[in-house]
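Visitor: Could you take me through this model, one question at a time, beginning with how its helices pack?
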Amino acid sequence: MAPVQREQLRIIHVGVGTRGKSHVRAALESGYWRPVALVDVVPDYLAAAREITGLPESACFTTVEAALDAVESEAVAIASPVTFHAQQIMAALQAGRHVLTEKCFTTSLHDAETCVAEAVRRDRKLVVVQNARLRPAMRTLRRLIQEETYGPLGLFLMSFFKPRGGPYNLSPHMHLWQQGVHELDTTLGVVQHPVRRVWGLSNNPTWCDWPSESTVQAILECDGGVSGTHLSTSNARGNGFEFRLECAEAALVAGDRGGETLRVLWGPKNRREETIPVDPYDTRGLEHHPVAQAILNGDGPGRGEGILIDMTIYRNLHEYVVEGKEPESSGRRNLDTIRLLDAIVRSTEERRAIELKGA
Ligand SMILES: NC(=O)c1ccc[n+]([C@@H]2O[C@H](COP(=O)([O-])OP(=O)(O)OC[C@H]3O[C@@H](n4cnc5c(N)ncnc54)[C@H](O)[C@@H]3O)[C@@H](O)[C@H]2O)c1
């Protein structure tokens, strides 16, 4: 990989095992960031992250506060279990750092709003990782809906079935806050009409023994006469995904988030079906990386889609900090997603529709 000609900023990684390992790699390989400290509670994860970064043992910590005290940095990246996010984001902001946090931003609307207010007060940038909405099939749907290529959108339906085989880290409504957030955020990213009313149900199917809810259903009523339905579960028997958008002239169907094509069903008169390719990957500013090079040479990302999308997030974070270019999933903008999740929880608890006023 050729060196990248730009100012690298310093970043502290919190949670460097499992998902956090991809963060360390993405920050490093993007060329935009230089990891300067590692935080985790598992020594083996710290040791593995030291191997990737070349950092000494003195750059390893077991709490975010200790790292913030000892090591200077421009930013902090948080990839710890969801229930720690709010406290770790606040600690980083209060230490004057910009923050990138994994989804789910927090596990309550109040906490997310508090973090956004703190970031504004301290003039720090706050970004949430919402990588599902960045996959090419979803970017293409977003563009086609925005451009009204098939006429205005009227209806949508998303279903997602994940046979995870076991629960997530313990949190309330674990599917909603830890997985459903991806699908609901993606839905908002594609539909692009603010949600005004929500009927929601977060529960467990009768045979499910998970310690908190594995499944979510919701009907969303949006501005402009647009409405749609969502059903997703992490305790499915088998895999499944479909996102269908009924526009005035045709229905658009994505049957696979990672798919290279979309189906277009024209009608109701002169019915016909066609298949269209999805838009290319976003490789801007990442051309030095072998995965981007493979795409630019027409070979596709292979198994590198994950790292490429993660690197675009680190590029966007850098641009936000240096140029002030606010990404789609800034903390402020991500509040729309968190408001929707909160409304689904409230609708479940109160057994009624919840009105959303928006920002
Ligand atoms: N965007 C995605 O594609 C994606 C995929 C998987 C997970 N995630 C998100 O990443 C985050 C982590 O998920 P995970 O499955 O990797 O969780 P995990 O339970 O594997 O923990 C992640 C890391 O955090 C460390 N950790 C635990 N407690 C900590 C603490 N108090 N301080 C610092 N580090 C601590 C763990 O040792 C581990 O290395 C969650 O927010 C999850 O929703 C995102």
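Visitor: Is helix H4 roughly parallel or roughly perpendicular to helix H5?
Guide: In this predicted model, H4 spans residues 85–94 and H5 spans residues 109–121, and their axes lie 10 Å apart at an angle of about 10°. Angles under 35 degrees count as roughly parallel, and therefore the relation of H4 to H5 is roughly parallel.

Visitor: How many nonpolar, polar and charged residues make the contact of H4 with H5?
Guide: On the H4 side the contact involves Ala86, Ile89, Met90 and Leu93, and these meet Asp111, Cys115, Glu118 and Ala119 of H5. Sorted by class, the residues of this contact are 6 nonpolar, no polar and 2 charged.

Visitor: Where does the cis peptide bond between Lys103 and Cys104 place Cys104, in terms of strand S5 and H5?
Guide: The bond that joins Lys103 and Cys104 is cis, with omega about -15°. As for its location, Cys104 belongs to the loop between strand S5 (98–102) and H5.

Visitor: Which loop holds Pro268?
Guide: Pro268 follows Gly267 through a peptide bond that is cis, with omega near 5°. The loop in question is the one between strand S13 (261–266) and strand S14 (272–277).

Visitor: At what angle do the axes of helix H6 and helix H7 cross, and which classes of residue make their contact?
Guide: From H6 (residues 136–146), Met138, Leu141, Arg142 and Ile145 meet Thr186, Gly189, Val190 and Val191 of H7 (residues 174–191). The axes of these two helices come within 7 Å and cross at roughly 35°. By class, the contact of H6 with H7 comprises 5 nonpolar, 2 polar and 1 charged.

Visitor: Is helix H1 roughly parallel or roughly perpendicular to helix H9?
Guide: H1 covers residues 19–30 and H9 covers residues 305–323, and the two pack with their axes 8 Å apart at an angle of about 65°. Since angles of 65 to 115 degrees count as roughly perpendicular, the relation of H1 to H9 is therefore roughly perpendicular.

Visitor: Is the crossing of H1 and H9 left-handed or right-handed, and how do the contact residues divide by class?
Guide: H1 passes H9 in a crossing that is right-handed. H1 contributes Ser22, His23, Arg25, Ala26, Ala27, Glu29 and Ser30, while H9 contributes Gly306, Ile307, Asp310, Met311, Tyr314 and Arg315. Taken by class, the residues of the contact of H1 with H9 are 5 nonpolar, 4 polar and 4 charged.

Visitor: What is the phi of Thr18, and which residues are closest to the ligand?
Guide: Thr18 lies in the loop between strand S1 (9–14) and H1, and although Thr18 is not a glycine, its phi is positive, at about 40°. The ligand is surrounded by 23 residues, which divide into 11 nonpolar, 8 polar and 4 charged. The closest of the surrounding residues are Gly15, Gly17, Thr18, Arg19 and Glu102.

Visitor: How far apart are the C-alpha centres of domain 1 and domain 2?
Guide: The protein is divided into domain 1, with residues 9–124, and domain 2, with residues 133–284 + 336–354. The distance between the C-alpha centres of these two domains is 29 Å.

Visitor: How many residues of each domain are in contact, and what classes appear on the side of domain 1?
Guide: The contact between the domains brings 9 residues of domain 1 together with 10 residues of domain 2. On the side of domain 1 that touches domain 2, the residues divide into 6 nonpolar, 2 polar and 1 charged.

How values were computed. Residues are numbered from 1 along each chain as its sequence is written. This is a predicted model: local features need pLDDT of at least 70, side-chain atom pairs count only at pLDDT 80 or more; totals for chains, interfaces and linings use all residues. Axes are lines fitted to C-alpha atoms, for helices over the stretch in contact, and angles run from 0 to 180 degrees between N-to-C directions. Helices (H or I, at least four residues) and strands (E, at least two) are DSSP runs, numbered from the N terminus. Angles under 35 degrees count as roughly parallel, over 145 as roughly antiparallel, 65 to 115 as roughly perpendicular and the rest as oblique. A crossing is left-handed if the near helix is turned anticlockwise from the far one by less than a right angle, and right-handed if clockwise. Two residues are in contact if their C-beta atoms, placed from the backbone, lie within 7 Å. Ala, Val, Leu, Ile, Met, Phe, Trp, Tyr, Cys and Pro count as nonpolar, Asp, Glu, Lys and Arg as charged, and the others, Gly among them, as polar. A residue is near a molecule or strand if its C-beta atom, placed from the backbone, lies within 6 Å of it. Domain bounds come from an automatic or database domain assignment.
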